[in-house]
Structures are given as structure tokens and as C-alpha cells.
Amino acid sequence: MKISPQQLCGHRGVAAHAPENTLTSISLVREMGLSWVEVDVQLTQDGIPVVFHDHNLLRCTNGVGALKDIPLVDLQQLDAGGHFSPTFGHETVPTLAAVLDQAHRDALHINLEIKTYPDSDIPALCRAIFTCLSASPISVDNVLISSFSLEALAVVRDEMPELARAILWDVIPGNWHEFRDLATFSIHCNYRYLTREKAKAVKASGLALKCYTPNEPTEVEALWAWGVDMMITDDPGKYLANQ
Ligand code: G3P
Ligand code: MG
């Protein structure tokens, strides 16, 4: 099956080829001909939205402790690329503002995943994102908000309803339709647990359906036939190679 770049979204930038959620990783998205990128957003200790996945700094930087406990000025001293390869040792954890600027320059659609943990201040995180978006040159039409947090999606619905919203579920629950008002654009689910019936129901609701994070195209051949609109993948090049 021929896959178009428009059916693919780079996950955390292009995480297979550069350190995840860094400006270099995000710059690869347009270089590969894609128009969608997914990144994770959290707050620093001083309330600045930054693009970072984990609760803890350990895996993706040379720092220690929780992201929520470090102010931006100290965070930006950390190496956020050396964990991937020494050649990326100059990378830092980018602010959301810098990422939005780059997405705007590259004419990307950006899927901002509001990444929450049990100790996250969800309203504060949402409001910091709204402030950042309002100050950014990027059009809200090119922004999709996604989250596993139903609380976060409700804040977006109530306070910035012009933003498109997607619910993230590892497994789409049987009662998913009860949460229909939290999604205006799409449902995102783990490709491993999608069933034909759930795919059919989501598509029939008028929402788009996206799957994360299949990195082997052969694993998801059936899903295209079920109507999945987009794969959010670390390695989009594998889909585009040899077509
Ligand atoms: O947005 C899709 C995917 O990123 C969700 O899971 O853990 O990779 O942020 P995670
Ligand atoms: Mg994510």
C-alpha cells in the first residue's frame, strides 16, 4: 500500500533519528516531507511550558530530579541530546514558544500533547499553553491539542474552545462516546489495541482516528483498511521508503 507523507505524524519530532522533543528532531519533520508533528508539553518549576516527555530528567538529559522542580534557566543548561548520541550534545530542552516558532516557520501542523502526571497542576499547564499560543505567530488552525487527561481537555474545551481537541487512549474504552464532547477533531489510540469495531465506531462519529506509535509499517497494514487516518510514528522514513 502506498503511504503518503500526509498520513504520517512525526512522534516527538522524528524520534528515531534525533533526540526526542528537540528542535533538531522537529526540524526533520519538514525535511522528510511530513506536515504533522507531535510533541509533549509540561511546565518547569517557574511555570514555563517546555517540550519534554518524562516526569523525570534522567532519561533524556544529564540532569536529575523532576522536570517540575527545575526552573527554565537551569533546565536550559542541561544536555538534552547526548543520551541519543554525542553528536547531539548541544541540544537543550526547548520552550514551547521556540517549538511553535519553528513549526510556524516550517508550516507544520502541530499536535501538542498536554502531558500530565499525578502531581501536575493541570489548569496552570493549560493556561500557560494558551498564553504561549496567543503570543505565537502560529495559527490556531494548525494546532491540535491532545491529552490522556480528560481534565486537561475539559479546561481546553471551556477556556479556549477554538482549539481542535483529541482524546488519547491506550485502549479506547467501551463507553468512549460518553466523552465525545471532549474531542472535536480526533481520537488517538495505541495501535496494538485497536479493533475493527472500535475503528468503525470512531469513524462513524465523524472524528478522525490516529494511532501511536507504530514504527514497523508491516505491523499496521490492516489498520489502514479499517480507516485509520494517520500513524504517529518515530520513524516515518520506513513508511516512505521503497514505495
Ligand atoms: O500522542 C501520542 C503519543 O505521544 C502518546 O504517548 O507516551 O509517547 O506521549 P507518549
Ligand atoms: Mg506524546
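**Exercise 1.** In this predicted model, find how far a polar side-chain atom of H11 lies from an oxygen atom of ligand 1, and then look for comparable approaches by R12 and D40.

*Solution.* Begin with H11, where a polar side-chain atom lies 2.8 Å from an oxygen atom of ligand 1. Turning to R12, one finds a polar side-chain atom 2.7 Å from an oxygen atom of the ligand, and for D40 the distance between a side-chain N or O atom and a ligand oxygen is 3.1 Å. Each pair counts as a polar contact, because the cut-off for two N or O atoms is 3.5 Å. As for the ligand's surface, ligand 1 taken alone exposes 290 Å², of which the protein buries 89%.

**Exercise 2.** Describe where ligand 1 sits and which classes of residue form the shell around it.

*Solution.* First locate the site, which is the second largest pocket. Next list the surrounding residues, which include H53, K115, F148, L168 and Y212. Sorting the shell by class then gives five charged, three nonpolar and two polar residues.

**Exercise 3.** Which residues coordinate the magnesium ion (ligand 2), and are E38 and D40 buried or exposed?

*Solution.* The ion is coordinated by E38 (OE), D40 (OD) and E113 (OE), at 2.0 to 2.2 Å. Along the sequence, these donor residues follow the spacing E-x1-D-x72-E. To judge burial, recall that buried means under 20% relative accessible area. E38 has 4% relative accessibility and therefore counts as buried, and D40 is likewise buried because its relative accessibility is 0%. Finally, E38, D40 and E113 also appear among the residues that surround ligand 1.

Technical notes:
Residues numbered from 1 in each chain as written. Chains lettered and ligands numbered in written order. Predicted model: local features only at pLDDT ≥ 70, side-chain atom pairs only at ≥ 80, totals over all residues. Heavy atoms only, no water. Near = heavy atom within 4 Å. Polar contact = N/O pair within 3.5 Å; in protein donor to acceptor, adjacent residues only side chain to side chain. Areas by Shrake-Rupley, 256 points an atom, 1.4 Å probe, with all protein chains shown as cover. 1 Å grid on protein atoms, 1.4 Å probe; cavity = no way out; pocket = protein on both sides within 12 Å on 5 of 7 lines; lining within 4 Å. Sits in = over half its atoms within 2 Å of the grid points. Nonpolar A, V, L, I, M, F, W, Y, C, P; charged D, E, K, R; others polar. Donors = N, O, S within 2.8 Å, 3.2 Å for Na, K, Ca; no water. Buried < 20%, exposed > 50% of the residue type's maximum accessible area, 1.4 Å probe, protein only.
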